[in-house]
Amino acid sequence: MADSLSPDAVEPLLAGGFGRPYVYEESCESTQRLLSEDAPEGAVAACEEQTAGRGRLGRDWTAPRGTAVLMSVLLRPPAERRVAELSLVGGVATALTVERATGLSAQIKWPNDVMLNRGKVAGVLAETRGKAVVLGIGLNANQSRGELPADAKTPASSLRVVDATVRDRAALLADLVTEVERTYKLWAVGGLDAIYEELGSRDFLRARRVIVEGVEALATGITRDGRLEIATNGGRRLVESGEVEYLR
Ligand code: BTN
């Protein structure tokens with residue numbers, strides 16, 4: 001029988017304050033739509049299948065029913081924080097969760113992808129709702145190679161493709177929620193500085209040739225306020241958002 005993200009499976013595994021309430025539907029349009037801006041901070045929504053899952057830059061996010069961890073969490077960041085940094089906060093939390101689950105090193109491809117063995121195993125989407133933010137994470141856990149999108153610019157992968165292990169998604173989700181709570185709370189108090197070592201040491205793009213807005217450059221790192229620093233022929237530039245292609 002397939003594993004499940006139902007409250008019975010997940011709630012006993014939640015270790016911190018996040019995940020209460022835990023909103024669950026077997027099938028939904030998008031977990032991003034299950035949390036209202038009035039929900040308490042730390043409310044989590046999850047489902048087995050999304051019929052209109054959303055990625056960054058207006059893209060779709062798809063995963064066969066019961067194969068991925070699809071979750072959103074409601075956050076109320078302090079006014080002095082840069083909300084754009086939250087996708088990196090989610091990326092750090094997801095990378096650490098992936099590392100604990102697999103025993104392998106994961107990387108964060110600015111601004112929102114989590115990479116394992118050069119494939120994208122997770123994506124993070126931060127959307128504002130008034131003063132709140134809904135942080136959505138899609139973690140490809142148990143998809144086989146044939147169940148992954150074949151046409152993605154950054155090649156899609158899953159934990160199962162990397163190490164041939166089918167995992168209990170409830171345990172993965174509970175660990176992810178705990179890690180999101182930990183990294184988010186550090187960031188809320190101390191900004192990206194507070195998790196900068198965990199982020200900087202996992203920077204996938206650093207020292208790679210990249211293309212940003214049609215210009216080839218060298219990625220030199222992520223700044224302490226979450227921007228991507230690149231070196232072009234015209235000098236150093238900071239990238240705020242958008243699409244970064246890398247040359248393999
Ligand atoms: C990206 O890489 O473009 C971000 C993908 C984010 C996908 C997750 S799955 C759970 C949540 N619900 C959605 O509709 N999107 C996010």
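## Helix 4

In this predicted model, helix 4 covers residues 169-190, 22 residues in total. From its first C-alpha to its last the helix reaches 31 Å, close to the 32 Å expected at 1.5 Å a residue. An α-helix has 3.6 residues a turn, so residues three or four places apart point the same way.

Just after helix 4 comes G191, where phi is positive, at about 70°.

## Ligand site

The ligand sits in the largest pocket. Strand 3 (68-75), strand 6 (119-129) and strand 7 (132-140) are the elements that give two or more residues to the shell around the ligand. Of these, strand 6 supplies the largest share of the shell, with 4 residues.

In total, 21 residues surround the ligand, and the closest are S30, Q50, R54, R56 and K120. By residue class, the shell consists of 11 polar, 6 nonpolar and 4 charged residues.

## Contacts and cover

Three of the closest residues have short distances to oxygen atoms of the ligand. For S30, an N or O atom in the side chain is 2.7 Å from a ligand oxygen. For R54, a polar backbone atom is also 2.7 Å from an oxygen atom of the ligand. The backbone is again the partner at R56, with an N or O atom 2.6 Å from a ligand oxygen.

On its own, the ligand has 410 Å² of accessible area, and the protein covers 98% of that area.

Technical notes:
Residues numbered from 1 in each chain as written. Predicted model: local features only at pLDDT ≥ 70, side-chain atom pairs only at ≥ 80, totals over all residues. Heavy atoms only, no water. Near = heavy atom within 4 Å. Polar contact = N/O pair within 3.5 Å; in protein donor to acceptor, adjacent residues only side chain to side chain. Areas by Shrake-Rupley, 256 points an atom, 1.4 Å probe, with all protein chains shown as cover. 1 Å grid on protein atoms, 1.4 Å probe; cavity = no way out; pocket = protein on both sides within 12 Å on 5 of 7 lines; lining within 4 Å. Sits in = over half its atoms within 2 Å of the grid points. Nonpolar A, V, L, I, M, F, W, Y, C, P; charged D, E, K, R; others polar. Expected span 1.5 Å × (residues − 1).
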